[in-house]
Amino acid sequence: MTAGLTIVVGIYSPFAAWTLPSGHVDLLRAEFPHHTFLHARTDAEALALLPRADVAFMPEMRPAHFDAARRLRWIHSPAAGVGGMLCPALIASPVVVSNSRGLSAGTIAEHVVAVTLMLFRHLGRAMRGQRDRAWVQDELAAARLRMIAGSEVLVVGMGAIGAATAGRFHALGARVTGLRRRASLPAPPGVARVAPTEDLLSILPEADVLVLAAPETAGTRGLVGARELAAMRADAVLVNVGRGALVDEAALLSALTTREPGRGIGGAALDVFEREPLPRESPLWDLPNVIVTPHVAGFLAEHWDAVRAIFAEQLRRFETDAPLRNIVDKHAGY
């Protein structure tokens with residue numbers, strides 16, 4: 001067993017929701033008393049502590065931090081996405097990177113279904129009527145209220161999140177097509193067919209719902225732009241729970257506000273954005289056919305308990321030289 005590891009825990013953010021409560025570091029210290037846990041709460045603290053680290057439990061690793069971490073052997077991310085840490089030096093190094101793939105798959109999948117139902121049933125309009133004490137029955141009855149049953153759902157990204165999302169839509173009676181880079185792999189349960197990501201443009205006209213659940217990589221940045229939005233049906237909706245960089249936000253705004261045939265879409269539910277937090281001046285806030293959520297699709301009350309449990313299991317594997325789970329392909333980006 002490997003003893004005496006120095007582990008830097010650096011899960012911090014300007015937002016409290018993304019900052020690991022210090023009590024969880026105390027629990028790790030109690031569970032692994034033979035290791036030393038150093039808690040970094042800022043970039044500066046991480047920079048000062050990382051030269052001592054054998055292991056880093058962090059969602060990001062800036063180039064300056066990685067350059068300082070000369071003893072580093074393993075990085076574990078509390079999230080699935082690791083694009084923010086894969087600098088060229090880290091990619092070329094022998095440092096192993098693992099992630100928490102699957103941690104929030106079910107939570108995010110239910111979020112996707114929830115916002116899709118809101119858009120299909122025009123619940124935003126009903127809520128505005130409730131706020132104004134207005135009986136909008138005729139307006140809603142005249143709208144095109146839809147069901148998930150019988151709809152065509154296109155899910156881009158067949159990792160844990162995409163597969164969980166597909167399963168829930170299938171259970172509600174939708175026909176699901178999945179897009180993934182390696183289309184030859186077996187289809188997850190509930191997926192009628194799997195196609196390569198390159199087929200996105202040709203399949204888009206079939207979709208009632210487009211769900212983006214792919215990681216941010218060189219190949220997915222700007223995946224949905226003006227051309228792809230123009231290929232979508234006029235009543236189709238887009239749900240993005242992947243990364244903001246997957247969508248050209250200016251092109252999306254145009255597609256959500258235009259009434260010209262062949263250029264507009266019906267609505268969007270966005271949990272991630274090009275800039276976070278979404279700037280107050282963004283027109284997306286005010287559009288009646290848009291649901292804005294502040295990057296919370298993956299959160300549950302027990303989120304940090306689950307994050308800590310995954311890392312603890314990985315650490316037990318690492319200290320006994322057992323194979324780690326969820327090792328990241330640093331060249332692929334996930």
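Two strands pair if DSSP finds at least two bridges between them. With that criterion in hand, select strand 7 (175-180) and strand 8 (191-196) in this predicted model. Strand 7 and strand 8 run parallel and are joined by five bridges. For a single point of registry, display Val176, whose bridge partner in strand 8 is Val191.

**Stop 1: around strand 7**

Keep strand 7 selected and add strand 6 (residues 152-156). These two strands also run parallel, with five bridges between them. Here Leu154 stands opposite Thr177 of strand 7. Trace the chain next: the path leaves strand 6, passes through helix 8 and arrives at strand 7, and this β-α-β crossover is right-handed.

Is strand 7 enclosed by the rest of the structure or open? Five of its six residues are buried, so strand 7 is largely enclosed by the rest of the structure.

**Stop 2: Leu172**

Move to Leu172, in the loop between helix 8 (160-171) and strand 7. Leu172 is partly exposed, with a relative accessible area of 43%. Show its surroundings: leaving aside residues up to four places away in sequence, Leu172 touches Val113, Ile148 and Ala149. Ala149 is 23 residues away from Leu172 along the chain, and the C-alpha atoms of the two are separated by 5.6 Å.

**Stop 3: the seven-stranded sheet**

Widen the selection to the whole sheet that contains strand 7. Its seven strands follow the order 8-7-6-9-10-11-12, and the sheet is open, with parallel pairing. Strand 8 and strand 12 (290-292) stand at the edges; each has a single partner strand, so one side of each is left without a neighbour in the sheet. On average, neighbouring strands of this sheet are turned by 15 degrees against each other, direction ignored.

Within this sheet, select strand 10 (residues 237-240) and strand 11 (residues 267-270), which pair in the parallel sense over four bridges. Asn240 stands opposite Leu270 of strand 11.

Then add helix 5 (residues 105-120). Helix 5 lies across strand 9 (209-212), strand 10, strand 11 and strand 12, and runs at about 155 degrees to strand 10.

A charged side chain can be inspected at Phe120: Arg146 lies over the face of this ring, at 4.2 Å from the ring centre.

**Stop 4: the five-stranded sheet**

Turn now to the other sheet described here. This open sheet has five strands in the order 2-1-3-4-5, with parallel pairing. Which strands form its edges? They are strand 2 (36-39) and strand 5 (96-98), each of which pairs on one side only. From one strand to the next, the twist averages 20 degrees.

Select strand 1 (residues 6-9) together with strand 2: the two pair in the parallel sense over four bridges. Ile7 stands opposite Phe37 in strand 2.

Two helices should be displayed with this sheet:

- Helix 1 (residues 22-31) lies across strand 1, strand 2 and strand 3 (55-57), at about 170 degrees to strand 2.
- Helix 12 (residues 303-319) lies across strand 1, strand 2, strand 3, strand 4 (74-76) and strand 5, at about 160 degrees to strand 4.

**Stop 5: aromatic pairs**

A search of the whole structure finds five aromatic pairs. Begin with Phe32 and Phe37: their ring centres are 6.5 Å apart and their planes stand at 45 degrees, so the pair is tilted. Both Phe32 and Phe37 are buried.

Proceed to Phe57 and Phe311, whose ring centres lie 4.0 Å apart with the planes at 5 degrees, so this pair is stacked. Phe57 lies in strand 3 and Phe311 in helix 12, so the pair ties together parts that are 254 residues apart in sequence.

Are these two residues buried or exposed? Phe57 is buried, with a relative accessible area of 1%, and Phe311 is buried as well, at 0%.

Finish by adding Trp74 and Phe318 to the selection; with Phe57 and Phe311 they form one aromatic cluster.

Notes:
Residues numbered from 1 in each chain as written. Predicted model: local features only at pLDDT ≥ 70, side-chain atom pairs only at ≥ 80, totals over all residues. Heavy atoms only, no water. Axes fitted to C-alpha atoms, helices over the stretch in contact; angles between N-to-C directions. Contact = heavy atoms within 4.5 Å. Buried < 20%, exposed > 50% of the residue type's maximum accessible area, 1.4 Å probe, protein only. Right-handed = clockwise from strand over helix to strand, strands pointing away. Phe/Tyr/Trp six-rings, centres within 6.5 Å; stacked < 30°, edge-to-face > 60°. Lys NZ or Arg CZ within 6 Å of the ring centre and 35° of its normal.
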